[in-house]
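I opened this model to look up a few local points and keep them in one place. The entries below follow the order in which I went through them.

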Amino acid sequence: MIKDIIKEISNEISDLKKQGLYKSERTMSTPQSDLISTKSNVDVLNLCANNYLGFSSNKTIIKNAIGALEKWGYGLSSVRFICGTQAIHKELEHKLSDFLRFENAIIYSSAFDANGGLFEPLLNENDAIISDELNHASIIDGIRLCKAKRYRYKNNNMEDLETKLQQALGARRILIATDGVFSMDGIIANLKGICDLANKYNALVMVDDSHATGVIGKSGRGSIEYCGVIGRVDILTGTFGKSLGGASGGFTVANNEIIELLRQKSRPYLFSNSLAPMIASTSISIIKILDKQSTLIEKLEENTLYFRKKLMELKFDIIPSTHPIVPIMLYDAQLAAEFAEKLLDHGVYVISFCFPVVPKEKARIRVQLSSAHSIEQLNKALIAFEMVGRELKVIL
Ligand SMILES: *Cc1c(COP(=O)(O)O)cnc(C)c1O
């Protein structure tokens, strides 16, 4: 019996490989940084991490982490409500909600858990959720775990959202859920439009700002700052696993009552271990840095605008935005994979994405910029893009 099952699983894996859907992992021998090494590639320029502000290997942050290890210990070995809350967790929740201008915050082991545990406590079969079609997998899964009626609107399309709002009328509660930034396209959600519609139809707004907090907005407060809707969004989720340090952890910020209910009922919070105190401590210090000065955010924006402008001058087909996620459209999956391979030969590490991660015929290379990149490094990458682009006849 078990042999038959293993045979089936093995066939399934072979099918993935045949369809080009099999994902392999490169093993790094260095910390996450602007330059990384693997066994076969030494000191390659890294353009595909979520290390937007370079905190993953920042010396000050590492020092803070060592201090926190000594002061608070290694781990909590407990969920929050039994024996897993330290002063440092409460301090992080205060700092975070203050920074993002919400009343309160709750910390999870990941943003995946924050989204997984958000909808079910707040909504039941009398309610409705209207979700953007390009929302992150964790929002989709979180919605699946709750009994509310589901509607899906076309990506960032306000007309379609309004149609779905009208269809949902009569529900006890209506909640609109969107990513603040769509991670495959680098497009920033139209939060102004969404909040206006939410007002009109008396709906709640939930935004997942995992690719936006500490990335966009003049002071790094994310899509809510970028779109000028601070105070108008009801619930915001995010991660400590990207711009805010890159270790792990996630959060939800909202008003006191919503957060209080989540502490009582959100299953990934109740039944999963506390965030390591070291990460709570480093996250606090990162928020303090962002609160005090916007130098890193400004550098990230400068790099983003520079790289986007140069790629456009070279006549690459990129999706317009101002976000450090820069999708270079190649359309053909084979071509995108070959392009990425050749860039690696030039010492530039990027990843190509094809179906099912992006729609068929929409294969691309996704670059992610960081404030840790120097202009010299970006120029090196641009020269490689130009050479490979000409070689593969993507540009003339
Ligand atoms: C990365 C990401 C997540 C998951 O974050 P983790 O903390 O790594 O679980 C959730 N939502 C969005 C939009 C993301 O980009």
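**Entry 1: helices H8 and H9.** I began with the packing of H8 against helix H9 (residues 191-201): the angle is about 20° and the axes are 11 Å apart. I noted that this is a predicted model. Angles under 35 degrees count as roughly parallel, and H8 and H9 are therefore roughly parallel to each other. I logged the crossing of H8 and H9 as right-handed.

**Entry 2: the loop before H8.** I then looked at the loop between strand E5 (149-153) and helix H8 (158-168), where Asn156 sits. What is phi of Asn156? I found a value near 55°, which is positive in a residue other than glycine. I wrote down the background as well: most residues other than glycine have a negative phi.

**Entry 3: Lys315.** I recorded a second positive phi in a residue other than glycine at Lys315, with a value near 75°. I placed Lys315 in the loop that runs between helix H14 (295-313) and strand E12 (325-331).

**Entry 4: helices H14 and H16.** From that loop I went back to H14, which packs with helix H16 (residues 375-391) at about 20°, the axes being 11 Å apart. That angle makes H14 roughly parallel to H16. I put the crossing in which H14 passes H16 down as right-handed.

**Entry 5: helices H2 and H13.** At what angle do the axes of H2 and H13 cross? I read roughly 140° for helix H2 (residues 59-72) and helix H13 (residues 277-292), whose axes come within 8 Å. Only angles over 145 degrees count as roughly antiparallel. H2 and H13 are therefore oblique to each other. I have this crossing of H2 and H13 as right-handed.

**Entry 6: a cis peptide bond.** I checked the peptide bond from Phe355 to Pro356 and found it cis, with omega near 10°. I noted for context that most peptide bonds are trans. I located Pro356 in the loop between strand E14 (351-353) and strand E15 (363-368).

**Entry 7: residues around the ligand.** I counted 13 residues around the ligand, and those that come nearest are Ala111, Phe112, Asp208, Thr239 and Lys242. Which helix gives the largest share of the shell? I found that helix H5 (residues 111-116) does, with three residues. I sorted the shell by class and got eight polar, three charged and two nonpolar residues.

**Entry 8: polar contacts of the ligand.** I listed three atom pairs.

- I have the side chain of Asp208 with an N or O atom 2.6 Å from a nitrogen atom of the ligand.
- I have Ala111 with a backbone N or O atom 2.8 Å from an oxygen atom of the ligand.
- I have Ser210 with a polar side-chain atom 3.4 Å from a nitrogen atom of the ligand.

I closed with the cover on the ligand: on its own it has 380 Å² of accessible area, and the protein covers 83% of this.

Terms used: Residues are numbered from 1 along each chain as its sequence is written. This is a predicted model: local features need pLDDT of at least 70, side-chain atom pairs count only at pLDDT 80 or more; totals for chains, interfaces and linings use all residues. Side-chain values use heavy atoms; hydrogens and water are left out. A residue is near a molecule or strand if one of its heavy atoms lies within 4 Å of it. A polar contact is a pair of N or O atoms within 3.5 Å; within protein, one must be able to donate a hydrogen and the other to accept it, and residues adjacent in sequence count only if both atoms are side-chain atoms. Accessible areas come from the Shrake-Rupley method with a 1.4 Å probe; for residues, only the protein chains shown count as cover. Helices (H or I, at least four residues) and strands (E, at least two) are DSSP runs, numbered from the N terminus. Ala, Val, Leu, Ile, Met, Phe, Trp, Tyr, Cys and Pro count as nonpolar, Asp, Glu, Lys and Arg as charged, and the others, Gly among them, as polar. Axes are lines fitted to C-alpha atoms, for helices over the stretch in contact, and angles run from 0 to 180 degrees between N-to-C directions. Angles under 35 degrees count as roughly parallel, over 145 as roughly antiparallel, 65 to 115 as roughly perpendicular and the rest as oblique. A crossing is left-handed if the near helix is turned anticlockwise from the far one by less than a right angle, and right-handed if clockwise.
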